[in-house]
Amino acid sequence: MALSVIRTNQGLVQPSKNTPSGTLNLSIIDKLPVLRCNARTLHVFRHGPGAAQVIREALARALVPYYPLAGRLKESEYGELQLECCGEGVWFVQASAECMLDSVHYFDDTASIPYDELLPHQFLEGMNPLVLMQVTQFGCGGFVMGLIFCHSICDGLGAAQFLNAVGEIARGLEHPSITPAWSRDFSPPPPHPQQPNATVFQNSPPPMPDYHLQHANIDISQDQINHLKQEFHDSTGQTCSAFEIVVASLWRRRTQSINLLPNTQVKLVFFANCRQFRQPPPPQGFYGNCFFPVTITALSQTVARSSNSEVVRLIQEEKSKLGKEFLRWVNGEKREYGADDPFAPPLVYTTLFVSEWGRLGFNQIDYGWGEPVHVVPIQGSAIIPVCIAGLLPSPKKGIRLMTWCVEDAHRQPFLDLMNS
């Protein structure tokens with residue numbers, strides 16, 4: 001899709017008032033190497049004339065209570081990740097495009113979106129802001145927000161909480177309805193801190209996969225989801241969530257389509273919010289990372305030959321252990337030297353990662369012109385078999401599975417099975 005975007009103004013947005021300085025410690029989850037990356041998303045809005053200026057001003061005001069987001073990451077003398085509250089600000093780009101959003105169908109076709117045109121670029125070497133935002137105004141008066149967010153500071157729920165605060169201020173509130181809270185000290189520190197300049201022996205990086213993952217979208221209507229949930233209730237007398245039944249079907253169909261040998265071990269991995277398991281519970285305004293992987297392991301023929309209901313039961317059984325497993329890990333019981341890292345399962349074709357985006361809150365954020373038509377998470381890696389489960393573009397109701405989980409030879413069989 002060809003799109004001409006003109007970036008007219010860009011620079012740092014700092015908090016609108018003086019904010020505290022100093023160094024903040026991160027949680028044990030924040031400091032995970034796997035989170036030293038950026039999450040990228042596009043947020044498509046049907047209306048919003050003059051959105052860039054409104055959002056820029058609201059952003060500066062929201063950064064007063066959320067001042068850590070205007071800081072920078074640094075490493076302590078022991079090599080541990082910390083946050084320096086320096087107030088340098090976040091990167092903001094104002095842009096425009098002459099075309100109408102309806103002419104590109106509100107970017108409903110995620111495979112053809114010109115991401116590089118809609119995501120912010122920053123050109124200052126070594127600046128490394130934690131948040132980068134581009135607001136592109138379209139000829140119809142709608143706009144697209146391209147967002148890059150440092151995952152070491154916030155998980156999806158936390159990032160949505162911050163954007164909701166920006167939206168509330170943009171709509172005229174004096175202060176966000178939820179007061180942000182840092183609260184990153186929920187795990188005991190390591191008993192023997194690493195000494196400065198100590199030699200660290202690390203495992204060799206895993207071999208790079210040799211497969212090439214293909215993109216495929218699968219839309220599942222609310223009627224289809226309700227039908228699948230009713231089938232589960234009829235066969236078991238129990239209830240299940242939309243996520244559980246859709247992911248069970250996805251894992252079954254993918255396993256059937258990739259033609260593994262019968263005794264091959266396969267894994268399904270997804271990350272679940274664990275705020276409710278923290279002891280004591282975090283304050284309402286906590287916006288850091290707080291999740292833990294749920295990993296279901298089975299033989300390929302078991303998954304392929306099971307019904308949706310049977311696979312849902314496998315998922316529910318593993319989810320029931322989440323609280324206990326999370327607390328064991330937080331308290332150090334599963335972090336002994338040589339133990340398998342639950343946050344780093346093997347990057348192999350037999351492991352399917354699923355990320356749930358529909359309930360994070362991005363689809364409910366309003367900057368003054370209504371909720372977004374569409375929120376598009378952007379693939380982070382070409383080597384991880386992954387599915388992002390989001391919502392269908394408004395006004396449709398249901399789930400969109402944005403997948404990069406099969407090679408070209410398996411793509412059509414996978415789609416045929418998912419659509420059957």
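A residue is called buried when its relative accessible area is under 20%, exposed when that area is over 50%, and partly exposed in between, with a 1.4 Å probe and protein chains only. The structure is a predicted model, in which local features need pLDDT of at least 70 and side-chain atom pairs count only at pLDDT 80 or more, while totals for chains, interfaces and linings use all residues. Residues are numbered from 1 along each chain as its sequence is written, and side-chain values use heavy atoms, with hydrogens and water left out.

**Exercise 1. Decide whether serine 306 is buried or exposed, and describe its surroundings.**

Step 1. The relative accessibility of serine 306 is 11%, and therefore this residue counts as buried.

Step 2. Serine 306 is found in the loop that links helix H6 (300–305) with helix H7 (308–319); helices (H or I, at least four residues) and strands (E, at least two) are DSSP runs, numbered from the N terminus.

Step 3. Its side chain comes to 2.4 Å from the backbone oxygen of threonine 302, which is a polar contact (a pair of N or O atoms within 3.5 Å; within protein, one must be able to donate a hydrogen and the other to accept it, and residues adjacent in sequence count only if both atoms are side-chain atoms).

Step 4. When neighbours within four places in sequence are set aside, serine 306 is in contact with Arg252 and Val311, where contact means heavy atoms within 4.5 Å.

**Exercise 2. Treat proline 346 in the same manner: where does it lie, and which residues does it contact?**

Step 1. Proline 346 belongs to the loop between helix H8 (322–330) and strand S12 (351–356).

Step 2. With a relative accessible area of 40%, proline 346 is partly exposed.

Step 3. Apart from neighbours within four places in sequence, its contacts are Lys267, Thr351 and Phe353; the C-alpha atoms of proline 346 and lysine 267 are 9.3 Å from each other, although 79 residues separate the two along the chain.

**Exercise 3. Describe helix H3 and explain why it is largely enclosed.**

Step 1. H3 covers residues 156–170, and its 15 residues reach 21 Å from the first C-alpha to the last, close to the 21 Å expected at 1.5 Å a residue; the expected span is 1.5 Å times one less than the number of residues.

Step 2. Because 12 of the 15 residues of H3 are buried, the helix is largely enclosed by the rest of the structure; among them are Phe162, Leu163 and Val166.

Step 3. These buried residues pack against strand S3 (38–45), helix H1 (51–62), strand S7 (131–138) and strand S8 (143–150).

Step 4. At the start of H3, a side-chain oxygen of aspartate 155 lies within 3.3 Å of the backbone nitrogen of leucine 157, and just after the helix glycine 172 has a positive phi of about 115°.

**Exercise 4. Find how strand S6 is covered and which strands pair with it.**

Step 1. Six of the eight residues of S6 (90–97) are buried, and the strand is thus mostly covered.

Step 2. Strand S1 (residues 5–13) runs antiparallel to S6 and is joined to it by eight bridges; two strands pair if DSSP finds at least two bridges between them.

Step 3. In this pairing, arginine 7 stands opposite alanine 95.

Step 4. S6 also pairs with S7, in the parallel sense and over seven bridges, and here phenylalanine 92 has methionine 133 as its bridge partner.
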